[in-house]
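Here is a friendly tour of two bound ligands and the residues that hold them. Have a look at the model first, then read on.

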Amino acid sequence: MIIILKPGVTDEQRESFAKDLQTTYGVSVNTWKGTQSTVLGLIGDTACIDINTVAAQDIVESVRRVQEPYKKANRKFHPDDTVVRLPGGQQIGGGTLALIAGPCSVESEAQILEVAGRVKKAGAQFLRGGAFKPRTSPYTFQGLKAEGLRLLNEAKKETGLPIVTELMSVRQIDLFLEAGVDVIQVGARNMQNFDLLRELGHLKTPILLKRGLANTIEELLMSAEYIMAGGNENVILCERGIRTFETYTRNTLDISAVPVLKRLSHLPVIVDPSHASGVAWLVEPLAMAAVAAGADGLIIEVHNNPPKALSDGAQSLTPDQFDEVAAKLKKAAPLFGKEVR
Ligand code: PEP
Ligand code: MN
């Protein structure tokens, strides 16, 4: 349920009203204060609340029931876009097009330093790289693990780029916090690992939440809700392609998910054209489509030597190819109200 308060309501009036709702109905109250209005979002069992009683209060402008099961992620609870900001000044959302680039896996010091330097030069503001890899086969490269995190930090020291890397298990959380990971990625395969999501809800670190291979938009938002319910509201949603009957591409990029998510939620939405397509030549057109659809950023795989990559070589751009794609994205972004900073 959301309650829109009349303009001019004082903080004191609002706080006492919110307290009253909490004690009378046992719900928790989320407050969003905009320039024009104040919205109270009620979370919990609101079925017993009589809408007319609430609407009759002096300070109440209007009351609405919210049908959607996600609340904190719901735009109705938070009409303004959320902007995820990093201490270094980088941001995702709020009119910028964030570029996150780097290899699928961190493979060696020389590899990550070279790629980091090149993607930074091309205009990326974040470095991606997997240290713990969720591979379909247990016999393929599983990532450099803790050593991979150390190498990412070396690259961060050299370039100043914040690190985005995937966490696969609750057991890795302390290691990630000690390593100073800037943005924790939850991969497609873990989107509904509810135990993990709950734990990440207790952190302050931004979470890049990827859509599962076979999950609906609502399920993605419910997973974001798991994280936000614990108090971590720095969630970035990522459309990375879903399984369909089409086999030409690795996945099918659900481009409509971008405007749909932006409509339903205030959270920033980014697109991963690399995993969506599985082939390098499709990365540029899908990235362009994502910008046109309103994405707040892109996460793109770049490798210094794709034919020799230990994972996802076929979809990885060379640094030269990334230079070109980044230059085109910078030109296209302003047409869609975004800027690459
Ligand atoms: C990745 O980013 O390398 C990755 C494994 O992504 P996803 O979880 O989307 O498959
Ligand atoms: Mn990958």
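## The metal site and the ligand pocket

Along the sequence, the residues that donate to the manganese ion (ligand 2) follow the spacing C-x170-H-x25-E-x10-D. Those protein donors are Cys104 (SG), His275 (NE2), Glu301 (OE) and Asp312 (OD), at 2.0 to 2.4 Å from the ion; a donor is an N, O or S atom within 2.8 Å of the metal (3.2 Å for Na, K and Ca), and as water is not among the atoms, sites may look incomplete. Histidine 275 in helix 9 (residues 273-277) and aspartate 312 in the loop between strand 14 (297-301) and helix 11 (319-332) are 37 residues apart, and the pair links distant parts of the chain. Helices (H or I, at least four residues) and strands (E, at least two) are DSSP runs numbered from the N terminus.

This is a predicted model, where local features need pLDDT of at least 70, side-chain atom pairs need pLDDT 80 or more, and totals for chains, interfaces and linings use all residues. Residues are numbered from 1 along each chain as its sequence is written, chains are lettered from A and ligands numbered from 1 in the order written, and side-chain values use heavy atoms, without hydrogens and water.

Now to ligand 1. Its polar contacts (N or O pairs within 3.5 Å) include these:

| Side chain | Distance to an oxygen atom of ligand 1 |
|---|---|
| Arginine 240 | 2.6 Å |
| Lysine 210 | 2.8 Å |
| Glutamine 185 | 3.0 Å |

Taken alone, ligand 1 exposes 300 Å², and the protein buries 97% of that (Shrake-Rupley areas, 1.4 Å probe). The shell around ligand 1 has 7 charged, 3 polar and 3 nonpolar residues.

Note on methods: Polar contact = N/O pair within 3.5 Å; in protein donor to acceptor, adjacent residues only side chain to side chain. Nonpolar A, V, L, I, M, F, W, Y, C, P; charged D, E, K, R; others polar.
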